[in-house]
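Got your viewer open? Here's a short walk through a few spots worth selecting, one after another.

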Amino acid sequence: MNTNWDLLIENHFSKKEKEDEKLSLSFLMESIGEVLAEMPDLRTPIMERMGSPMSVSYDGIPEPPLTELGWNKLETDEGTEVSGEQRALLENYLKNIAPGGDLTAKIKALDSFYESGFNQIESEKTNEMISKTLSYLVFYKTLTRIITNFNAASAGFTFEAFLATLLGGSQIKANTGTIADFKTAENIPISLKLYAEKSVSTGGSFTDLVRDLVDPKFSHPDGGMRYVVCTKSLAGKPGQQEGGIKFYEFDFTLDNVANIIAGASRAHTASNIILPLVEDDKGNLVLIANADELEEPVTFSNEDIDARVKDIAGKEEFWTNLGFQQFQAKNLIDSPVVSYNQEGSLTLTGQGTYASRMPTAARNKDIITPLLTDPETGQVNAKDITKALAALNVVLKSVYQQQVDANQSRKAGIGDLSKQGLFPKVPKGGSKKDPKVQNVMALAARSRDWYNEQDEETKRRALKYTMGYLNTQQFELNRSESTTDALVDLRYLGEINIGSTHIQNVLTNCESILNENVTAIFSSLKVLSENLNDYFANGLNEDSKAFTAITAADNIETRTKEVSGTE
């Protein structure tokens, strides 16, 4: 018998709904559509759908998309940070892990959840228990996927974005003058290192580290830079690895940087802290008299180059002196031609000059031609086009030379320090018994002792004259120096196990609350979906399918109210 769907729903709900609140087909389908629309955020069902009854499984834990860029905070045109869709999704999953706590608190909570699991939260309301349980499970699974499914480089960047999200912070763009990889919600800068346990190497640009200490731009309590060192120990096939990640942290500050760098075992690292010290008339060590002449290296930005190009070629006499007519000079000056890497400017070659040969110069020719064309005759001399491009390239090269000249005196000054032996040559791979290595270590120790006796302002000034800063060197701490307190004030935060086996153990502790509440909802949703499909596929002829779907919808409503605590 063919029964009208609206009539079935009306008969079912008429006994418990008021006349103006009866459920209709359109309302039910709209509600189902809203539920199904949310499911892509979960990527996979929360419950394993194989067999009956359904139960929690590793494969059923939600899987937010792995995306370094998507997890980073976005900036509006006004500079305000906002969370994109993928970032907001991950934030919602992780927000229940030690809310408001720092990395130490969050690692402690995650570490202990492996042991006590559900016992930590079983006294809370049902919806809060489910929410927190899923937060931990999503963290464990997402971390496992990051570490076991990517190569070292990709895993590092994604892991960086993941921890930044956990701490409510955001990644920091590369090459911005800081050694930090991301900042926390409290604006604490963190330089993150993720290595296999046997190959730990912690370091980076000493020049950038000095900039962070001399002119802090973050909110580290001591104006320093925090290093988080993560060592992973894994076993198994790629993609199926099991193991753990240990978390350590320590800080570089204005007061301890000389001790750490000078105390490093590698000579090239210790050399970073060497200062150009000489004896004064009283035999006391002081910085060389002309230290202030060692100016900061000059690197012109695109805006700097653009302004300097316009300063030369943005004048009418520049072009008329080259033989161009007045109308041509005015057209060139008023156009984006006299600019550098700005909107509408000429195409650049790989060497940073304006393209003047075909085919790369085709666009440049198209831009310049109408500017030089005689409005009365409609003619243009091809040689004028070539001459204009050549003139602009001469200007551009002269601007580059200005940068070279600005750095020349600085380079000469640094070279003199090497000639005087104040900045020694560091041997590559030399043993500790090598006299050259011993000389480097002795000069580093001398600089450390002098530095530690200075006041704060002198320390800031002195760091900008160190060998590592002036020569833009790198520093490196080995495994022992990075993961023990022999050299740094180390804080061990804990270990997080990764892999499906470890997570399954956690699931065992949590499955009762999930199976009892969440499974029932998804089970009913499955029944609702299957019976609706069958009912419509068979031309609305099987009434039993319709009644089963309605019952499942009832169960979803009831269970959802129980879980959410709403009526």
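**Stop one: a helix pair**

Start by selecting α14 (residues 362-372) together with α15: their axes come within 10 Å and cross at roughly 115 degrees. That angle makes α14 roughly perpendicular to α15. By class, the contact here has five nonpolar, two polar and two charged residues. Keep in mind as you go that this is a predicted model.

Now show side chains. On the α14 side, pick N364, K365, I368, T369 and L372; they meet D384, I385, A388 and L389 in α15. As for handedness, the crossing of α14 and α15 is right-handed.

**Stop two: another partner for α15**

Keep α15 (residues 382-419) selected and add α11 (residues 302-313). At what angle do the axes of these two helices cross? Roughly 125 degrees, with the axes coming within 10 Å. That makes α11 oblique to α15. The crossing of α11 and α15 is right-handed.

For the contact itself, select I305, R308, V309, I312 and A313 in α11. Across from them in α15, you want L392, V395, L396, S398, V399, Y400 and Q402. Colour this contact by class and you get nine nonpolar, two polar and one charged residues.

**Stop three: a pocket**

Leave the helix pairs and bring up the second largest pocket, which holds about 530 Å³ of space. To centre your view, select F157, E160, A174, A180 and D181, the closest to the pocket's centre among its 26 lining residues.

Which helices and strands each supply at least two residues of this lining? Among the helices, select α3 (68-71) and α7 (152-166). Then add the strands β5 (189-196), β6 (202-205) and β11 (474-477).

Finish by colouring the pocket lining by class: nine residues are nonpolar, ten polar and seven charged.

Conventions: Residues are numbered from 1 along each chain as its sequence is written. This is a predicted model: local features need pLDDT of at least 70, side-chain atom pairs count only at pLDDT 80 or more; totals for chains, interfaces and linings use all residues. Side-chain values use heavy atoms; hydrogens and water are left out. On a 1 Å grid over the protein atoms alone, a cavity is a set of points where a 1.4 Å probe fits but cannot get out, and a pocket is an open set with protein on both sides within 12 Å along at least five of seven lines; lining residues have an atom within 4 Å of a point. Grid points are joined across faces, edges and corners, and a volume is the space filled by probe spheres set on the points. Helices (H or I, at least four residues) and strands (E, at least two) are DSSP runs, numbered from the N terminus. Ala, Val, Leu, Ile, Met, Phe, Trp, Tyr, Cys and Pro count as nonpolar, Asp, Glu, Lys and Arg as charged, and the others, Gly among them, as polar. Axes are lines fitted to C-alpha atoms, for helices over the stretch in contact, and angles run from 0 to 180 degrees between N-to-C directions. Angles under 35 degrees count as roughly parallel, over 145 as roughly antiparallel, 65 to 115 as roughly perpendicular and the rest as oblique. A crossing is left-handed if the near helix is turned anticlockwise from the far one by less than a right angle, and right-handed if clockwise. Contact means heavy atoms within 4.5 Å.
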